[in-house]
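Trainee: Could you walk me through reading a structure like this one? I would like to start from the overall fold and end at the surface.

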Amino acid sequence: MNAINVIAIWGLVAISAAVAGGVIAAARNRDHSWWAAWCFVVPPMLILLLLLPRNAGPRPRRPSLDEDDREVV
């Protein structure tokens, strides 16, 4: 197996882990964009997401850019 095949396989694994991470995080009431991004960079994070329990309460919300700027002052 040459380097091009390894890179192509890693790319497919990373993309599929990101999609699965986003879907599973949304189903478990967690921040789907954060989990999708980290599952893309580090695909084994998907295993950690599967081991975490469902998040009770409302889904975490990222502050808007305006809210974030107000906090810096």
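Mentor: Let's take the fold, then a surface patch.
This is a predicted model, where local features need pLDDT of at least 70, side-chain atom pairs count only at pLDDT 80 or more, and totals for chains, interfaces and linings use all residues. Residues are numbered from 1 along each chain as its sequence is written, and side-chain values use heavy atoms, leaving out hydrogens and water.

Trainee: How many helices and strands does the protein have?

Mentor: Helices (H or I, at least four residues) and strands (E, at least two) are DSSP runs, numbered from the N terminus. Here there are 4 helices and 0 strands, in the order α-α-α-α.

Trainee: Is the protein spread out or compact?

Mentor: The radius of gyration is taken over C-alpha atoms, and the globule rule is 2.2 Å times the number of residues to the power 0.38. The protein has 16 Å, well over the 11 Å that the rule gives for 73 residues, so it is more spread out than a compact globule. Its C-alpha atoms fill a box of roughly 55 × 30 × 15 Å along the principal axes.

Trainee: What share of the residues is buried?

Mentor: Buried means under 20% relative accessible area, exposed over 50%, and partly exposed in between (1.4 Å probe, protein chains only). Of the 73 residues, 22% are buried. Val 42, in the loop between H2 and helix H3 (45-51), counts as partly exposed because its relative accessibility is 33%.
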